[in-house]
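The report below introduces a protein chain to a reader who has not met it before, going from the whole chain to one of its sheets.

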Amino acid sequence: MNNNRYNPSDIEPKWQKQWEREQCFIVTHKDNRPKYYVLEMFPYPSGRIHMGHVRNYSIGDVVARLKRMQGFNVIHPMGWDAFGLPAENAAIKNKTHPAEWTYQNISYMKAELKKLGYSYDWSKELATCHPGYYKWEQLFFLKFMEKGLVYRKKAPVNWCPKCLTVLANEQVESGVCWRCESVVERKELSQWFLRITRYAEELLECLDSLSQGWPERVITMQKNWIGKSTGMEIDFQVEGLDKKIRVFTTRQDTLFGATFMSLAPEHELVQELIQDSPDKNQITAFINKVIRMDQLDRTADNMEKEGFFTGKYCINPVNGEKMPVFIANFVLVEYGTGAVMAVPAHDQRDLEFARKYDLPVRVVVQPEDGGALSDDMEKAYAGPGTMVNSGQFDGMGNEQFKEAIADFLEEKALGKKTVNYRLRDWNISRQRFWGAPIPIVYCEQCGAVPVPEEDLPIILPQNAIMPEDGKSPLPELKSFLDTPCPQCKGKGRRETDTMDTFVESSWYFARYADPRNENAPFDKKASKYWLPVDQYIGGIEHAILHLLYSRFFVKALRDIGYLEIDEPFSNLLTQGMVLKDGAKMSKSKGNVVDPDEMISKFGADTVRLFCLFASPPEKDLEWSDSAIEGASRFLNRLWRLTMELLPELKPVGPCKVLDQLSLNHAEKSLRTKEHETIMKITRDMIDKFQFNTAIAGAMELVNAIYHSKDELKDSFNGQEVLSSAISSVLTVLSPITPHVCEELWAMLGYDYPLSQSSWPQYDSLALQRDEVLVVIQVNGKLRSKISVPADISREKLGQSALKDEKALKHIQNKEIIKTIIIPQKLVNIVVKD
């Protein structure tokens, strides 16, 4: 190795091997130090890492290394979210088993991650497709079933005819599958559900405890997704049928103003209501069109409101009026009951719909400000007021009437007070092969029978051949399908659905605590020590489902005795995306930057430095070729500086304690800059995770060393000050660029590695400057800067400013109105123009 030239291709593998050889990052819960658990959302093993991965994992690695230097016992694990549809598609294309494709990708991606020098404890690596992992997932299913948290029912689902699987609502985009863009169909299938709604209130309440550690945006998104509403369920009798339409409303005070009923196209009564309609074919076509639409589009304010009359009426329970029943495109079956009592005078969507289809509008709440509303209004009124057109309740305030009508309806058994949640139970059934098998056996005599715990895991067969049409091979694979009933020992067949891959990612963080345990999901002592995760890092796209499901899993596992925590993640950082040319990197846009290529060209440290310097973690990062070249130049400059000074320096440690009185002005100045920098970087990195400003501070300190090195390198005190300053630079940069810092640290003569060093502590006495730089302004405009003694009086500071040559040019022959002085910082001379 040529020590005079910075060569990352030599340095980086050397230190990676040494860290691995010395097991620097392997930890155990049997440790007296305080713990710190830092975790990035684990990747899907698609085959290659991308710059989004690099940014995410670089942020996490800085936190992990930083916390180690602060004295914490840091667990920083990595694993693979390994089940999923892409593996099946690749297996079909390559005529292989999904496991083979997945494990090949894991091996390749692991090697890529190791090139970046991340401080992972690889002894805790896991892959969710391994039977040793999903065995415990199957056990949780059985335990949840015992607690009534698992059930099976027929339900309408989004079905992709090409992927041949159920899609969550969030996976349907503008009516098409998010993966293959096929038009999504609606099917009714028997599905397995987890009863997440049982925890709706706790999931909502516990968000308050996360407000200090989670982004407000994420908390708001979760609150909106849970969607708590307090109101009433009210029944409307269908005319001519022994059926009732139940609605949920928070505005029971407007019940007298309900003039029609709107149903979601997916509502359970729709098919029965349109059965005898002469327009059945047209209605069916309308239904099919609507259910293919994106849900956000259906509820958007600017969406044109459309509907179809079913030909049936229901009866308003308080006034006996017949209300036509419509199917409407803006009503969602997932919210409330999938039915809306339409009050056009007091809901804008209902008003737009009523005007389009010439339906009656009746005002029942008049504003208290005296501005009377009429039925020909253009904008619905949703505010408070006085009841009108509401029978014996006229003249009552609408808030008072809410309680009165609620009591009235409950007394007449026409409705009941209730709390409603937008949140729906979690459908975990997937009609795919590459997922965790659901541990159920079907028997003609016994029904759906849980597999005994001692028979777990139910393993995906290795001899399965993926059909070219994409269907799961499990329903046709007799060696998997046929099995005795666990109860009666008669003929049975296994469940062929597999679990939603969100199930795997809902508890993986707990398995990291004890990933090699073959007798339990995790040792209780280990999980109690490590959990919860102290710092979780990932993209905002997972703000709802993954985080919500993980929170549910923790609470459910707590209640069946496996965990002792209420929340999985104490702190959450949602990093921004990596963009190029203003757009998210993607192969289709042709704007992908290959991390491997960048590492080969510049080295891992440069790639890490760029990702952390170009933008604060929570903001989007715009890729810049010139910026990564600038990061490379800085590391080369640091290398050359250290090489130049090596013959003069001995290892004294960062922030060396020195006798301030024995130092000359230049020595004091650099030492003060060093300690100021450590103070700022400590605040930026530890308190704020603002790595970009911390790096800027380190660069400023390097500049200061450059400017003072020639004056200091020939004296003993000067050499100590220089050595301390360079050691501080290497120490604070080591979480960001660990390889080059370790190498230079060793060259300086230290007999212990940076990976085992402590975070430097600044000396408050060293922050006291003999001289300070004061800005001089004239009428608020910068005109000069002067160096003055730090303890100069206000009077003398003002006099010095008035004598400064540059300032004099702007105040000569002018009347000075006043002089504003801020000691040690600024003098502003105000003159009359």
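In this predicted model, residues that lie 24 or more positions apart account for 71% of the contacts in the protein chain that have a separation of 6 or more. The protein chain holds 833 residues, of which 56% are buried, and its secondary structure consists of 25 helices and 32 strands. Along the principal axes, the C-alpha atoms of the protein chain fill a box of roughly 105 × 80 × 50 Å.

The surface and the charges of the protein chain can be described next. The accessible surface of the protein chain comes to about 36800 Å², and carbon and sulfur atoms contribute 48% of that area. The protein chain carries 104 positive and 114 negative charges, and the mean positions of these two sets are 2 Å apart.

One sheet can be followed strand by strand. Four strands form an open sheet in the order E4-E3-E7-E17, and their pairing is antiparallel. Strand E4 and strand E17 each have a single partner strand and stand at the edges, so one side of each is left without a neighbour in the sheet. Strand E3 pairs with E4 in the antiparallel sense, and the pairing runs over three bridges. Within this part of the sheet, Asn158 stands opposite Leu167 in E4.

The residue ranges of three strands of this sheet are set out here.

| Strand | Residues |
|---|---|
| E3 | residues 150–160 |
| E4 | residues 165–167 |
| E17 | residues 426–427 |

Technical notes: Residues are numbered from 1 along each chain as its sequence is written. This is a predicted model: local features need pLDDT of at least 70, side-chain atom pairs count only at pLDDT 80 or more; totals for chains, interfaces and linings use all residues. Side-chain values use heavy atoms; hydrogens and water are left out. Helices (H or I, at least four residues) and strands (E, at least two) are DSSP runs, numbered from the N terminus. Buried means under 20% relative accessible area, exposed over 50%, partly exposed in between (1.4 Å probe, protein chains only). Contact means heavy atoms within 4.5 Å. Accessible areas come from the Shrake-Rupley method with a 1.4 Å probe; for residues, only the protein chains shown count as cover. Lys and Arg count as positive and Asp and Glu as negative; His and the chain ends are not counted. The place of a charge is taken as NZ of Lys, CZ of Arg, CG of Asp or CD of Glu. Two strands pair if DSSP finds at least two bridges between them.
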